[in-house]
Amino acid sequence: MITIRKKLVPDIQANKVTYGKANTRKFIVVHETDNTRLGADADAHARLQYNGNSRSASWHYTVDDKEAVQSFEHAWRCWAAGSNTGNNEGIQIEVCVNSDGNYQKAMQNAAELVAKVMKDENIPIQNVVQHNHFSGKNCPRNMREGKILWSKFITMVKNASGNAQQQKLAIDNNKYRVLTGTYGTRQAAENVLDVLKHRFGWVVYIEPDGAKWRIKTGTFTGMAVAQAGANKIKTAKLAKVTNIVAE
Ligand SMILES: [Zn+2]
């Protein structure tokens, strides 16, 4: 899974190299940096933008074989596509081609990033396009020359979207209960029970534990929900210790 790091260009600089905000986010535009120098990776390009790119150009993300770095929020209308439509309506992704990088891996990461942006912005796969689509420029160059076919790349994006979908479907339907640590008296446990029952609206029980008492909740569906329940107990300072147990 690709990691996405933000190194956002400060607004004062962003205003100099974009048309400002109000990007309609209809397209995802794929580019290659055309920069084969050693070390010309995502971090280097993100720093270039961050430190004030001397060229009149800007783009949202740079991806290499290790990570993606975001330089602009999607709302910015970056200057990358060579046409007003492309710049005003597109989210621009530059894929690194540094000679010390792995091009195939960078494209795999780009596919995962595209899949994520599609999902976040509700952009259909038909609107994932090459820079060439807007201005006729030979970009992304290697891809256009067949190093990875565009059709293959689109399949990679679809697969990445499918995986994301599957991860979403693989939801945790297991049941869990939250147990508190022990209270010295039954009354102390009763006080907590009262809050959980009446303020939180939960099903809760008191259980003896040796000479002490603890609270056991009804079941939560999924570890994340149980964890949220345990956090709620702690935030309300009703218990110092909580344990989550599978049902
Ligand atoms: Zn381009």
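H31 is buried, with a relative accessible area of 0%. I start there on purpose. Keep in mind that this is a predicted model.

So what does H31 do in this structure? Its ND1 atom coordinates the zinc ion. Two further residues coordinate that zinc: H131, also through ND1, and C139, through SG. The distances run from 2.1 to 2.3 Å. Along the chain, the donors follow the spacing H-x99-H-x7-C.

Now place the two histidines. H31 sits in strand 2, residues 27–32. H131 sits in the loop between strand 6 (128–130) and helix 5 (132–135). The pair therefore ties together parts that are 100 residues apart in sequence.

Is H131 buried or exposed? Buried, at a relative accessible area of 5%. The cut-off for buried is under 20%, so H131 qualifies with its 5%.

Next, a serine. S58 lies in the loop between helix 2 (42–50) and strand 3 (61–63). Its relative accessibility is 0%, so S58 counts as buried.

What does the side chain of S58 reach at 2.6 Å? The backbone oxygen of V17. There is also a pairing with W79: its backbone nitrogen lies 2.8 Å from a polar atom of the S58 side chain.

Then the surroundings. Leaving aside residues up to four places away in sequence, S58 touches V17, T18, Q49, F72, C78, W79 and A80. V17 and W79 are thus on the contact list of S58, and each also has a backbone atom paired with the serine side chain, V17 through oxygen and W79 through nitrogen.

That covers the zinc site and the serine. Thanks.

Conventions. Residues numbered from 1 in each chain as written. Predicted model: local features only at pLDDT ≥ 70, side-chain atom pairs only at ≥ 80, totals over all residues. Heavy atoms only, no water. Donors = N, O, S within 2.8 Å, 3.2 Å for Na, K, Ca; no water. Helix = DSSP H or I, 4+ residues; strand = E, 2+ residues; numbered from the N terminus. Buried < 20%, exposed > 50% of the residue type's maximum accessible area, 1.4 Å probe, protein only. Polar contact = N/O pair within 3.5 Å; in protein donor to acceptor, adjacent residues only side chain to side chain. Contact = heavy atoms within 4.5 Å.
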